[in-house]
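Reader: I would like a close look at one part of this protein, and then at what lies around it. Please keep it plain.

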Amino acid sequence: MIRDAQTLTLLTDSIRRFVREVLVPAEPEVAETDTIPPAIVGQMRGLGLFGLSIPEQYGGLALTMEEEVNVAFELAWTSPAFRSLIGTNNGIGSQGIVIDGTEEQKQRWLPRLASGDIVGSFALTEPESGSDAASLRTTAVRDGEHYVINGTKRYITNAPEASIFTVMARSGPADGGARAISAFVVERGTHGLSLGKTDKKMGQRGAHTCDVMFDNCRVPKENLIGGVEGVGFKTAMKVLDKGRLHIAAVCVGAAERMLHDALAYAMERRQFGQPIAEFQLVQAMLADSRAELYAARCMVLDAARRRDDGQDVSTEASCCKLFASEMCGRVADRTVQIHGGAGYVSDYAAERFYRDVRLFRIYEGTSQIQQLVIARNMIRAHRG
């Protein structure tokens, strides 16, 4: 570790207790109400969870990537909604400012993000631009001391709660490709910014998404991240590389929880006079899940250490996201299978997790996009 192991252990131990003693018991309430109780949000602020990856000089904990994934392993042991609320503040909602923002922009927004006083959101995906991020149509036209933004963003995580939005918009010609994209911080309440209705999703109740619309939305030029046009796409890609490692760690944590529940159920559930854990075909599902989990955890830790060492981990981040998210889906399926009929009813967490983790193979770049990134990087490296 870049920091001492004892400090990290104290942090992860406290988060582990908080997850098991506070968050896990609250899972049914969140699933029923689609809302995280305000008291729990307050406790999350008190633990510093909104500022895990924000630099210390702005009030954050400044975790290294390796430390961050270790924390994610613990946080993901419960409903993904809890991590999702703090996830954008630590990831895509703040990292554009952390990586490429001006000092004035960092001073203005990062301390409030780190404290949890405001929630950040990352607005990239559009109705006709998702995996092909470089084709986005939202425009930002310079008009004196402002940029006028027009367009619609879709499936934006935490948008209903967000105070600021990191918005990717085309500030150059339509045929300019990725080089014509810039990044802006747009504050909630800005005239011309409006939100659609909250999406009703397959799973992840308590984690909210919706459309974000811009209709002649006037944004001060000081809100152009970095103060430079045309580097927004590069900013987004740097943010997503880090985010993919984080999501891969979340997949590991969620799979650990599901496997724990599946094993506990298999030890208790009896058929033919013995626990079903004694049956070899059930053991095979447990063993396959453990082996894949071990592989995913090792991959994530290795890639995180490489990133901390300053290496380009674009390929490794995509490998982690691809393998860990697909692994998580397989573990979810086996967990339901081990529970049998009980896994199909909401009395058990297996049913909820089965729906919740399906999203992991889609956001931060689908599995298919990860395959393309990996293969293209391989080809580029071979050509030299």
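At what angle do helix α7 and helix α9 pack, and how far apart are their axes?

Author: The model is a predicted one. In it, helix α7 covers residues 232–268 and helix α9 covers residues 314–339. The two pack at an angle of about 20°, and their axes are 8 Å apart. Two packed helices are described by these two quantities, the angle between the axes and the distance between the axes. An angle under 35 degrees counts as roughly parallel, and α7 and α9 are therefore roughly parallel to each other. The crossing of α7 past α9 is left-handed. Sorted by class, the residues in the contact of α7 with α9 are 20 nonpolar, five polar and four charged.

For the wider setting, the protein is divided into three parts: domain 1 spans 5–115, domain 2 spans 120–230, and domain 3 spans 234–383. The centres of domain 2 and domain 3, taken over C-alpha atoms, are separated by 30 Å. Where these two domains are in contact, eight residues belong to domain 2 and ten to domain 3.

One residue to look at next is Q204, in the loop between β6 (193–195) and β7 (209–220). Buried means under 20% relative accessible area; Q204 has 3% relative accessibility, so it counts as buried. Leaving out residues up to four places away in sequence, Q204 touches P80, D356, L359, F360 and Y363.

P80 leads on to helix α4, which consists of residues 80–90. Eleven of the eleven residues of α4 are buried, so this helix is largely enclosed by the rest of the structure. Among the buried residues of α4 are P80, F82, R83, L85, I86 and N90. An α-helix has 3.6 residues a turn, so residues three or four places apart point the same way.

A second loop residue is L63, found between α2 (38–46) and α3 (65–75). L63 has a relative accessible area of 10%, and is therefore buried as well. With residues up to four places away in sequence set aside, L63 touches R3, L11, L52, S53, E68 and V71. Of these, S53 is ten residues from L63 along the chain, and the C-alpha atoms of the two are separated by 5.1 Å.

Technical notes. Residues numbered from 1 in each chain as written. Predicted model: local features only at pLDDT ≥ 70, side-chain atom pairs only at ≥ 80, totals over all residues. Heavy atoms only, no water. Helix = DSSP H or I, 4+ residues; strand = E, 2+ residues; numbered from the N terminus. Buried < 20%, exposed > 50% of the residue type's maximum accessible area, 1.4 Å probe, protein only. Contact = heavy atoms within 4.5 Å. Axes fitted to C-alpha atoms, helices over the stretch in contact; angles between N-to-C directions. Parallel < 35°, antiparallel > 145°, perpendicular 65-115°, else oblique. Left-handed = near helix turned anticlockwise from the far one by under 90°. Nonpolar A, V, L, I, M, F, W, Y, C, P; charged D, E, K, R; others polar. Domains from an automatic or database assignment.
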